[in-house]
Amino acid sequence: MIEQVRDTLNRPLRDLRISVTDKCNFRCQYCMPAEIFGPDFEFLPQHKLLSFEEITRLTAIFTSLGVGKIRITGGEPLMRKDLPSLIRMIRQVEGVHDIAMTTNGSLLARHAKALKEAGLDRVTVSLDSLDDERFGKMNGRGYHVSDVLKGIEAAAEAGLSIKMNMVVQRGVNDQDILPMARYFREQKHTLRFIEFMDVGNSNGWKLDQVVPSSEIVKMIHEEMPLEPIDPNYYGEVASRYRYVGSEEEIGLISSVTQAFCSTCTRARLSAEGKLYNCLFASIGSDLRAPLRDGQSDEEIRELIREIWEKRDERYSEIRLNDTPGLVKRSKVEMSHIGG
Ligand SMILES: Nc1nc2c(ncn2[C@@H]2O[C@H](COP(=O)(O)OP(=O)(O)OP(=O)(O)O)[C@@H](O)[C@H]2O)c(=O)[nH]1
Ligand SMILES: C[S@@+](CC[C@H](N)C(=O)[O-])C[C@H]1O[C@@H](n2cnc3c(N)ncnc32)[C@H](O)[C@@H]1O
Ligand code: SF4
Ligand code: SF4
């Protein structure tokens, strides 16, 4: 039986974002800076990762509490071996109506077809610049723009629906806003601009590096007129704008300047099976132990229900009023729970 649970702020549980690995082949400065995630950094050993069977079992339990939308993320999800098998298993779960994946795109060219055949509906590809030198620096490993563009092409050929994500940092890649907008408008892929966020403890976040979405909209509108359009669904993270007189659109994810916590329907499951109520949470609730200790689906369902019903997190809204206080608090790393 499907039932809709709600938290203390009356927010329904609708989305489950599953991190399948904490490893990544990139070292984006805003997420996994190389000086911290260096050769000696200890990633999770295989036995601590949830198996595909455990992830699928949890997915089924989550759908019985209202989840219909699944996003696979990481680290870099395509670093996890045999990902199409997991997609195939999740596809079988009753109640799942949308399976998306967020990826840096560098390994997508070789996996897109198998992912689509396994049942993946769509991909969101992250790309912060079309300038090869800048992109190589930003990803920390010298990957080329063409590596990602080939992935996007393969995804389109495979029939996956595609969106793009660009994190904008003042003084780092703000000069790429217009070239990215022009290019992806032409390619007919929705590009979403993400305000640089103070996730984790290691990305050296400063408020003056955030380019407010309002500034981005103004800049694009001056060259290519835009008009706001309604959200696609309740709690959509991105605010949408359409290029006037066309079908193409952009999205703005304004977690710093216009927090959207009041409609946040997202639960996050880390690769080791911890459930987080918020992207900026300090601690998660362990679901791996109950899974491995032989608890029944019903017992785990009650545990998750209890966690969601007690949920009161709304970090970004609070940050608006107390940035210095919150930045100092210890938080889970983005590469651990996947954004
Ligand atoms: N602060 C905050 N940021 C979020 C949240 N969800 C997503 N983001 C940010 O927005 C980015 C884009 O999120 P996506 O996963 O691509 O967005 P989505 O809402 O699932 O996308 P669609 O399902 O296509 O609408 C993430 O990488 C995060 O940086 C959230 O709940 N809180
Ligand atoms: C953590 S990554 C995981 C998936 C995959 N590796 C990727 O990069 O698409 C998910 C998303 O979080 C975004 N992200 C990471 N750190 C961020 C930050 N400090 N502020 C805003 N977005 C961030 C990335 O750009 C990416 O779109
Ligand atoms: S944003 Fe994605 S690609 Fe970049 S370091 Fe984080 S997990 Fe890796
Ligand atoms: S800050 Fe936390 S509560 Fe607010 S939208 Fe993001 S994940 Fe949801």
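# Notebook: cysteines, sheet and ligand shells

I started with Cys-261 and found it partly exposed, because 17 other C-beta atoms lie within 10 Å of its own, short of the 20 needed to count as buried. The model I am reading is a predicted one.

I looked up where Cys-261 sits, and it is in the loop between strand S9 (249-253) and S10. Setting aside neighbours within four places in sequence, I noted contacts from Cys-261 to Arg-314, Tyr-315, Ser-316 and Glu-317.

**The other cysteines**

I checked the UniProt record, an unreviewed entry, which gives Cys-261, Cys-264 and Cys-278 under "binding site". These three span 18 residues in sequence, but no two of their C-alpha atoms are more than 9.3 Å apart, so I recorded them as gathered at one spot.

I then turned to Cys-264, which is also placed in the loop between S9 and S10. Is Cys-264 buried or exposed? I have Cys-264 down as buried, because it has 24 C-beta neighbours inside 10 Å. Beyond residues up to four places away in sequence, Cys-264 touches Arg-11 and Gly-235.

**Ligand shells**

Which residues are around ligand 4? I listed Phe-260, Cys-261, Cys-264, Arg-266, Cys-278, Leu-279, Phe-280, Glu-313, Arg-314, Tyr-315 and Ser-316. The three cysteines of the UniProt "binding site" entry are in that list. By class, I noted seven nonpolar residues, one polar and three charged in the shell of ligand 4.

For ligand 3 I wrote down a shell made of Cys-24, Phe-26, Arg-27, Cys-28, Cys-31, Met-32, Gly-74, Gly-75, Glu-76, Asn-104, Ser-126 and Ser-335. That shell divides into five nonpolar, five polar and two charged residues.

**The sheet**

I traced an open sheet of twelve strands with mixed pairing, in the order S7-S8-S9-S6-S5-S4-S3-S2-S1-S10-S11-S12. Its edge strands are S7 (226-229) and S12 (285-286), and each of them pairs on one side only.

I looked more closely at S1 and S10, which run parallel and are joined by four bridges. Leu-16 has Ala-267 in S10 as its bridge partner.

**Helix H1**

I moved on to H1, residues 52-63, which has twelve residues. From first C-alpha to last, H1 reaches 16 Å, close to the 16 Å expected at 1.5 Å a residue. Which residues of H1 are buried? I noted Ile-55, Leu-58, Thr-59, Ile-61, Phe-62 and Thr-63. The elements covering these buried residues include strands S1 (15-19), S2 (69-73) and S10 (266-269), together with helices H2 (83-91) and H9 (297-309). S1 and S10, the parallel pair in the sheet, are thus among the elements over H1.

**The annotated domain**

I found residues 8-227 marked in UniProt, in an unreviewed entry, as "domain: Radical SAM core". The end C-alpha atoms of that span lie 35 Å apart, and I noted 34% helix and 17% strand within it.

**Arg-288**

My last entry is Arg-288, which is in helix H8 (residues 288-292). Arg-288 is buried, because 20 other C-beta atoms lie within 10 Å. Its contacts, not counting residues up to four places away in sequence, are Leu-50, Glu-272 and Gly-273. How many residues separate Arg-288 and Leu-50 in sequence? I recorded 238 residues in sequence, with the C-alpha atoms of the two 7.0 Å apart in space.

Conventions. Residues are numbered from 1 along each chain as its sequence is written. Chains are lettered from A and ligands numbered from 1 in the order in which they are written. This is a predicted model: local features need pLDDT of at least 70, side-chain atom pairs count only at pLDDT 80 or more; totals for chains, interfaces and linings use all residues. UniProt positions are given in the numbering used here, feature names are shortened, and annotations may be inferred rather than shown by experiment. Helices (H or I, at least four residues) and strands (E, at least two) are DSSP runs, numbered from the N terminus. The expected span of a helix is 1.5 Å times one less than its number of residues. A residue is buried if 20 or more other C-beta atoms lie within 10 Å of its own, exposed if 12 or fewer, and partly exposed in between; C-beta atoms are placed from the backbone. Two residues are in contact if their C-beta atoms, placed from the backbone, lie within 7 Å. A residue is near a molecule or strand if its C-beta atom, placed from the backbone, lies within 6 Å of it. Ala, Val, Leu, Ile, Met, Phe, Trp, Tyr, Cys and Pro count as nonpolar, Asp, Glu, Lys and Arg as charged, and the others, Gly among them, as polar. Two strands pair if DSSP finds at least two bridges between them.
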